Structures are given as structure tokens and as C-alpha cells.
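Biologist: Please show the model, so that its core and its sheet may be discussed.

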Amino acid sequence: MPNSTIPPQPGPSRPRRIRIVGPALTCAVFALAGLLFYISGQTAKGTDLRTDNSLLKLSDVIRQRSTQNQQLEQQVGEDQERADRLAQQQGQSPLEAARLDALEQAAGLDPLRGPGLTVTLNDAPPNATARIPGVPEPGVNDLVIHQQDIQAVVNALWRGGAEGIQVMDQRLIATSAVRCVGNTLLLQGRVYSPPYVIKAVGRTDQLKAAVDADPTIRNYLGYVTAYGLGWKVQESGDLTVPGYAGSVDLRYATPVQ
């Protein structure tokens, strides 16, 4: 008797497109990776994108420009001295000479000597912690000198009757501006790091009273006590601040009506 078993029928074959998904996906991944490498190479231009060297180079540029500005200021000061000598050689009346001297003194162009006050501000020590029980542990901004701290001291000294003020090695004039960039001080085109030294010529009792009464400085002294920020005030019977040696030209000014 013939075998009546019906042989199994073959099932539907898999579509050919399924068979090429694996190779196609692999090619797409390699193509995408190649594109990313190409874009990264064009962006980097031969440099390492995973480095902070660019930031370090920017810092180097800033300090280089600061040194250049210092040299230019010295050159301007020398030119100003030559101009003054030429003006004297041309002959001035005593009245004109006295008026010019008074204007230069008021503008901060001449050195100033007399009794005064020296205030020094500094960042807290590395890894500083709270020094008082119950005070929260400090954040990064609690341990460094800020622009408002320096400006508060300068403003207080002016209110105390300062005849002239020096920040670091520069004399302040009417157009001077105190700016902080990160943890550095930017003053008249030059960069400084802490500690920051501020000197003022004037009556020491009035200067110190103005500093002690300033509310922003009082707030700063709270951080001095809590976290160890630097603060030092010294009285002097004989203090000298230099004359301003930079340019006094104004680029933008509006006449007073």
C-alpha cells in the first residue's frame, strides 16, 4: 500500500531584504562614525578637543597683554615728563604754572605723600572650612575676594576723605574702574592676583572710621570670621602713592549742561 503520509509543504521563504539588514546596518554605523571623525577633525584643526589648553593659552594672552600695558604705561609716563619739561622751557607765568600743578594734583597725575591707611584683602586658605559652630560649610564663592569687596573699600576710603588712592601699584583717577574676572583683578588694562593691597593718603582717623562704618565691609568681615578670608588694616604716618601714568584721553564724554 502506498504511503499515504502527505509530505510537509515548505513554508514561505524569508524575503531577501531581511537577509541584508545586518550588513546594511553595519555599513551605516561605519559611515556615521567616519562622518563624526571627519567633523571632529575639521573642528579641531589638529588640536585636542578634550583639553583645557585653550583656556590656559587665553590666560597666558591676558597676562602677556597685562605686561605690555605696564610697559606702555611706563612709556606714557616718560613722554609726559618730557612734555612737562618742554612746557617749562617755553616759559609759563607763575600763575599758569600754579594752576597747572593744582590741576595735575587734583587729577591724580602727581605723587602724593602723607599719613594714610593700607587695607589688604586676601582669599581664604585652601580647603578652608567653617570656623564657627552652626555656620554652614563654605562654597567656592565664599572663599574668594569679589569685585564688590574691593570696591567697598575704595568707596569707603573716598567717603573718609582720601586725597589719593592706590590699588596694587596703580593710582586711581576719575575714570578708573575696578573689575574682577574670575579670581583675578582687572585694573586699567592689567591683571592682578590676591592679596589685594589698597592704600589711601588722608587723615587716618577719618579713613578708618569710614571703613569701619561701611555695611558691605561689615558683611565681608563676617566671612573673615567664619571662613578665614584675609583682612588687614594698617595706619601709617608717612605713606606715598604714585601719580597716575596712563592715558587720560576720554573716548566718550558728554558736556555738562
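Modeller: The following exchange treats the core, one residue and the sheet in turn.

Modeller: This is a predicted model, in which local features need pLDDT of at least 70, side-chain atom pairs count only at pLDDT 80 or more, and totals for chains, interfaces and linings use all residues. Residues are numbered from 1 along each chain as its sequence is written, and side-chain values use heavy atoms, with hydrogens and water left out.

Biologist: Which element gives the largest share of the largest nonpolar core?

Modeller: A nonpolar core is a set of buried Ala, Val, Leu, Ile, Met, Phe, Trp, Tyr and Cys residues joined through side-chain atoms within 4.5 Å. The largest one has 33 residues. Elements (DSSP runs numbered from the N terminus: helices, H or I, of at least four residues; strands, E, of at least two) that give two or more residues include strand S1 (112-122) and helix H5 (147-159). The largest share, six residues, comes from H5.

Biologist: Is Thr120 buried or exposed?

Modeller: Thr120 is found in strand S1. Buried means under 20% relative accessible area, exposed over 50%, and partly exposed in between (1.4 Å probe, protein chains only). Because its relative accessibility is 18%, Thr120 counts as buried.

Biologist: Which residue in S7 stands opposite Ile165?

Modeller: Two strands pair if DSSP finds at least two bridges between them. The open sheet of five strands has the order S3-S2-S7-S1-S8, with antiparallel pairing. Four bridges join S2 to S7. Opposite Ile165 in S7 stands Ala200.
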